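Me: I am new to this structure and should be grateful for a close look at a single part of its surface.

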Amino acid sequence: MPASDRPFYHRASHSLIIISLVTLGIYIGQEIIVPLALGGLLAILLRPVEAWLMRRGIHKVIAICLTLALAVIVLSGVAVFISIQISNFSDDLPKLQDNINDFYRTARRWVRQEYNVSYTKQAQYIKQAQQKTLENLQGGTGALAAISGPLGTLALIPIYVFLLLYYRAMLLKFLVSLFEEEHAGRVWEIIGQVKAVIQSYVVGLLLETACVAILNALGLLALGVEYAIMLSVIAAILNLIPYLGGIIATVLAVAVVFINNPEPSMLLGVVGVFLAVQFIDNNFLVPMIVGSKVKVNALVSIVGVLIGGALAGVSGMFLSIPAIALMKVVFDRVEGLEPWGILIGDDQPDDAKQPMLPRWMRIWERRKAENG
């Protein structure tokens, strides 16, 4: 029986079972799947560099090694730059510690006067909060575990990238061989679209991150904020997490500035800079630079980021949007899955150009008319 002729509950139950199994598999095997997915993302990104070197007559293995070396040099340069900024920040830690102590004493006096809570009770509340935070960090599902899990297998990513590039032709042939020969053209089309979407997304994301960092730095330097470069770079990196990253970056920057310079005008200026950069990013940079061939709506993006974070921590958040874009490509081209592609997409129907009612609505309207 064709998929379109099967009852809705039959197709929906199969979809829910597959989604549940995939979600469970990602959660259980995240230490293996996450670095492999990151390796696949980097392999697709670095494939044009490898192809360019091979067209120059360089052997495949050497071309892959040179490509990996170039990627490591670039990432190491970014890491060194961030380390230098953090080192400059750490030199002023004694000054920041004094400011934190002054703020702590002022806050305790305010709580004592406004809410009549003694210093002893305040100390007990703070101690309890510290214990709960420590327990959460030490737990297997805590933030520390969510970050350290993927980072613990960071050394595997270059190996995965090398092997995925080396066995690329074999893996593609395997994917095509899974389907009947008559569907080979459609499978190759989907593979090509997935490659184009991921390359467009990652390259555009890197350019967008650089632009966001520059805009943040210009705004914070104009305000005279200390550690402007460090805060700008960290905010641009956090911006890689769609929608939520910008909020986290703003809160972090305001907290650092407040500790060092608690003037309301300075804090409002920092918030204004980040809001302005977010407006420029969302309305100009993302459409012009990222310009992905697959549009994903904001609701699915936010839910996907939260699910990715729950399943695989920070790495899961970063991988969620490419994964959703990949699913959009597949759903749009596989019979029976088109409604899921509509749900993920960002194509708003024009009410003035709406087609006639869907079949189920016409049946419902007819039955309602027959029943009076």
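Which residues form a nonpolar patch on the surface?

Reply: This is a predicted model, in which local features need pLDDT of at least 70, side-chain atom pairs count only at pLDDT 80 or more, and totals for chains, interfaces and linings use all residues. Residues are numbered from 1 along each chain as its sequence is written, and side-chain values use heavy atoms, with hydrogens and water left out.

The nonpolar patch is formed by L156, I159, L163, Y166, Y167, M170 and L171. Patch residues have over 30% relative accessible area and no salt bridge (a side-chain nitrogen of Lys or Arg within 4 Å of a carboxyl oxygen of Asp or Glu), and nonpolar side chains are joined within 5 Å. Together these residues have about 600 Å² of accessible area, computed by the Shrake-Rupley method with a 1.4 Å probe and only the protein chains shown as cover. Two elements, α7 and α8 (168-177), give two or more residues each; helices here are DSSP runs of H or I with at least four residues, numbered from the N terminus. The most comes from α7, with four residues, while M170 lies in helix α8.

Helix α7 also has the highest confidence in the chain, with a mean pLDDT (the predictor's confidence in each residue, from 0 to 100) of 89. By contrast, confidence is lowest in helix α6 (residues 143-152), at a mean of 46. Where pLDDT is low, the predicted coordinates should not be read in detail. For the chain, the mean is 76, and 77% of residues reach 70 or more.

Key: Patch = residues over 30% accessible without salt bridge, like charges linked within 9 Å, V, L, I, M, F, W, Y side chains within 5 Å.
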